[in-house]
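Open the model in your viewer and keep the selection box handy. We will go from stop to stop, and at each one you will hear what to select and what is there.

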Amino acid sequence: MTQTSASFFHSVRRGLIRSPHIPDEVRPASLADGYVAQCAFAESFLARNGGSLIGYKAACTNTHAQELLSIGFPVFGRLFSKLCWRSGQVLAADSFPMLALEPEFAFVIARDVPETGPSATSWNRDTIVPYVGDMMPAIELVGHGFEDWGVYDAPSFAADNAVHLGWVYGPSNSKWREIELADCRVELRVDDVVRKVGSGKNVLGHPMNVVAWLANTLPGHGHRLRAGDRVITGVSTDIYPASPGECIRADFGILGSVELTFSE
């Protein structure tokens, strides 16, 4: 089942299959099965496109995203080197099934994170910080090839790599510890007009809560955070449906900004 699920979602991504819904026969039976299918999805992507796995995304860390997907808890996905671009990138709009954008706090893991926290129970916002390096402002592209967002349940969402299409990152910032990330204002500007506003509080209350969640969750699925991994923590505003020709900038105040443009 897990290989069948992975093949289906990978084929939909490539435009080889068109389906308004996810057939019951390819839906993973459990969230654990969904993550196994995600591994197979990642292997298929790497075999076809090359590159490497470079970290993790966290999805459904924001109430807006949870309501959109009817999934009331976070789900992780994998990040690929071939779907990662520096700020200022011009992306071809017709390369993506949709143009849904998420301003996100991104981080680089500085040291391998042990499978258990200091108390041998779990990591939290404070204990995970020493393992985290620089912060980067980021914009994630998410999307799917189905009728609407409501086609997913949590297992199928995990199997489809948490609808990750790629991400753009801005300059690294080592001074993020000097401010309260939960209160950091985030503006999404379209052609220099503010269209969405949010903050670090919108991602599980604080971006470090998301990193701690990953540190606690990944070992149960055969993974762990390691030095050099990139982590993107989920949408800090509402999701923005972009259009071809738009220039998008996510402004994180003193933490910097990140830009991308979609060609028409």
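Before we start, here is one definition: Ala, Val, Leu, Ile, Met, Phe, Trp, Tyr, Cys and Pro count as nonpolar, Asp, Glu, Lys and Arg as charged, and the others, Gly among them, as polar. Please also remember that this is a predicted model.

**Stop 1: the cavity**

The structure holds one cavity of 30 Å³ or more. Its space comes to about 110 Å³. To find it, select A59, C60, A65, L69 and E102, which lie nearest its centre among the 19 lining residues. Two or more lining residues come from each of β1, α3 (63-69), β5 (100-109) and β6 (132-142). What kinds of residues make up the lining of the largest cavity? Using the classes above, you can sort them into twelve nonpolar, three polar and four charged residues.

Which element gives the most to this lining? That is β1, with three residues, and β1 is where we go next.

**Stop 2: strand β1**

Select residues 53-59 to light up strand β1. Is this strand largely enclosed or largely open? Six of its seven residues are buried, so the rest of the structure largely encloses β1. A residue counts as buried when its relative accessible area is under 20%.

Now add residues 75-80, which form strand β2. The two strands, β1 and β2, are antiparallel partners, with six bridges between them. Then add residues 230-232, strand β10. Here β1 and β10 run parallel and are joined by three bridges.

Click on K57 to see both pairings from one residue. Opposite K57 in β2 you will find G77, and in β10 its bridge partner is I232. While you look along the strands, keep a general point in mind: side chains in a regular strand alternate between the two faces of the sheet.

**Stop 3: the largest pocket**

Next, select R13, F45, N49, L83 and S95. Of the 16 residues lining the largest pocket, these are the closest to its centre. The pocket holds about 380 Å³ of space. Colour α1 (2-13), α2 (31-49) and β7 (164-169), because each supplies at least two residues of this lining. The biggest contribution is from α2, with four residues. By class, this lining has seven nonpolar, five polar and four charged residues.

**Stop 4: the second largest pocket**

Keep R13 and S95 selected and add V12, G15, I17, R18, D94, F96, P97 and G145; together they line the second largest pocket. The space in this pocket is about 170 Å³. Its lining divides into four nonpolar, three polar and three charged residues.

**Stop 5: S11**

Select S11, which is found in helix α1. Is S11 buried or exposed? It is buried, with a relative accessible area of 16%. Leaving aside residues up to four places away in sequence, S11 touches L16 and I17. You have already met I17 in the lining of the second largest pocket.

**Stop 6: two cysteines**

Finally, show C84 and C247. A disulfide is a covalent bond between the sulfur atoms of two cysteines. How many disulfides are counted here? The count is zero. For C84, the nearest cysteine sulfur is that of C247, 19 Å away, while the cut-off for a disulfide is within 2.5 Å. As a last check, look at how accessible C247 is: at 28% relative accessibility, C247 counts as partly exposed.

Note on methods
Residues are numbered from 1 along each chain as its sequence is written. This is a predicted model: local features need pLDDT of at least 70, side-chain atom pairs count only at pLDDT 80 or more; totals for chains, interfaces and linings use all residues. Side-chain values use heavy atoms; hydrogens and water are left out. Buried means under 20% relative accessible area, exposed over 50%, partly exposed in between (1.4 Å probe, protein chains only). Two strands pair if DSSP finds at least two bridges between them. On a 1 Å grid over the protein atoms alone, a cavity is a set of points where a 1.4 Å probe fits but cannot get out, and a pocket is an open set with protein on both sides within 12 Å along at least five of seven lines; lining residues have an atom within 4 Å of a point. Grid points are joined across faces, edges and corners, and a volume is the space filled by probe spheres set on the points. Contact means heavy atoms within 4.5 Å.
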